[in-house]
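User: I should like to learn how to read the features of a protein model, one at a time. Please give the general idea first and then the case at hand.

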Amino acid sequence: MSKHEILNTKDHADLRVHTGAGAELGDAVMAALVVPDEFRKVQAHYPIVFRREADGGRFSALALFGFENGENLFLANGEWEARYRPLSMDIQPFLVGLPQDGGGEGQVHVDMGHPRISASGEGTRVFDEAGRATPFLETITEKLGALHVGYQESSAFYDALARHDLLQPFTLDVPLSDGSNQSLIGFHIIDEDKLRALDADALGSLHGDGYLMPIFMALASLSNFSELIARKDAKQARG
């Protein structure tokens with residue numbers, strides 16, 4: 001159960017965090033939120049797909065780790081088998097919270113109910129003995145800032161995709177070696193045909209706004225489906 005608190009030296013002077021990888025640390029998830037600013041790094045390892053929010057409004061982008069809820073095919077023997085973890089995973093159990101009045105700068109919060117919170121005295125310290133932020137916390141703060149800014153700026157990116165009708169529903173059916181079939185539904189991907197059909201003015205506008213690069217990165221990421229399917233096949237073979 002989540003228990004969000006504003007991070008501070010008075011209440012969290014001895015706080016330690018488990019920084020490894022594992023299902024027991026909250027990493028057993030099928031997908032994670034990613035922002036356009038990190039698409040270049042994400043596309044080297046994971047397929048990037050888009051999902052419409054439950055209210056039927058804006059889209060968000062996700063890096064896929066598996067094909068079903070709770071499945072992360074990149075977890076093995078306490079390791080995350082990819083060189084890059086999306087920011088939304090890498091910053092846990094921390095998050096950005098806004099003041100109760102909704103104004104002012106974002107604040108670093110910590111979810112004291114998260115499984116990464118150490119209750120054993122083991123793990124990486126957040127503050128040193130003098131109450132200063134450790135290098136670990138400084139790095140986390142930088143990543144939180146990047147994720148926060150990236151999320152805030154992503155609305156304009158999705159508006160541009162909608163304006164040019166560049167997202168299409170996507171269904172993937174994958175027959176596996178053991179005879180079973182894996183299906184992926186409910187997501188969207190970049191419509192490559194519509195992207196190719198855009199005129200010079202539209203492409204110039206997307207390029208000028210800095211959106212062409214993340215669009216190309218999202219398209220390039222789809223080649224990672226073959227690796228994800230291979231990981232699923234290997235998992236099925238192991239039983």
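**Reading the model**

Analyst: L228 lies in helix α8 (residues 225-238). Helices (H or I, at least four residues) and strands (E, at least two) are DSSP runs, numbered from the N terminus. The model is predicted: local features need pLDDT of at least 70 and side-chain atom pairs count only at pLDDT 80 or more, whereas totals for chains, interfaces and linings use all residues. Residues are numbered from 1 along each chain as its sequence is written, and side-chain values use heavy atoms, with hydrogens and water left out.

User: Is L228 buried or exposed, and which residues does L228 touch?

Analyst: Buried means under 20% relative accessible area, exposed over 50%, and partly exposed in between (1.4 Å probe, protein chains only). L228 counts as buried because its relative accessible area is 0%. Contact means heavy atoms within 4.5 Å. Not counting residues up to four places away in sequence, L228 touches P47, L64, F65, G66, F67, L73 and F74. The C-alpha atoms of L228 and F67 are 8.6 Å apart in space, although 161 residues separate the two in sequence.

User: How many helices and strands does the chain have, and what percentage of its residues count as buried?

Analyst: The protein chain has 8 helices and 12 strands. Of its 239 residues, 44% count as buried. Among contacts between residues at least 6 apart in sequence, 69% join residues at least 24 apart. Taken along the principal axes, the box filled by the C-alpha atoms is roughly 60 × 50 × 30 Å.

User: How are helix ends and helix cover read, and which residue caps α6?

Analyst: A polar contact is a pair of N or O atoms within 3.5 Å; within protein, one must be able to donate a hydrogen and the other to accept it, and residues adjacent in sequence count only if both atoms are side-chain atoms. D199 caps the N-terminal end of helix α6 (residues 200-208), with a side-chain oxygen 3.2 Å from the backbone nitrogen of D201. Just after α6, G210 takes a positive phi of about 80°. For cover, helix α7 (residues 212-221) serves as an example: 7 of its 10 residues are buried. These are L212, P214, I215, M217, A218, L219 and S221.

User: How many aromatic pairs are there, and which residues form a cluster?

Analyst: Rings of Phe, Tyr and Trp (its six-membered ring) pair if their centres lie within 6.5 Å; planes under 30 degrees apart count as stacked, over 60 as edge-to-face and the rest as tilted. The structure holds 11 aromatic pairs. One of them is F157 with Y158, edge-to-face at 5.4 Å centre to centre and 65° between the planes. Both F157 and Y158 are buried, and they belong to one aromatic cluster with F39, F50 and Y211.

User: What places S118 and H114 in their surroundings?

Analyst: S118 lies in the loop between β9 (107-111) and β10 (124-125), and H114 has its place in the loop between β9 and β10 as well. S118 is buried because its relative accessible area is 14%. A polar atom of the S118 side chain lies 2.5 Å from the backbone oxygen of E122. Leaving aside neighbours within four places in sequence, S118 is in contact with R16, V17 and H18. H114 counts as buried because its relative accessibility is 14%. The side chains of H114 and Q92 are joined by a polar contact of 3.2 Å.

User: Which unusual backbone geometry should I look for, and where is the cis peptide bond?

Analyst: Most residues other than glycine have a negative phi, and most peptide bonds are trans. Here the peptide bond from Q92 to P93 is cis, with omega near 15°, and P93 is found in the loop between α3 (87-90) and β8. N77, which is not a glycine, has a positive phi of about 55° and is found in the loop between β6 (75-76) and β7 (79-80). N77 counts as exposed because its relative accessibility is 82%. Phi of D165 is also positive, near 55°; D165 is found in the loop between α4 (135-163) and β11 (167-175). D165 is partly exposed because its relative accessible area is 41%.
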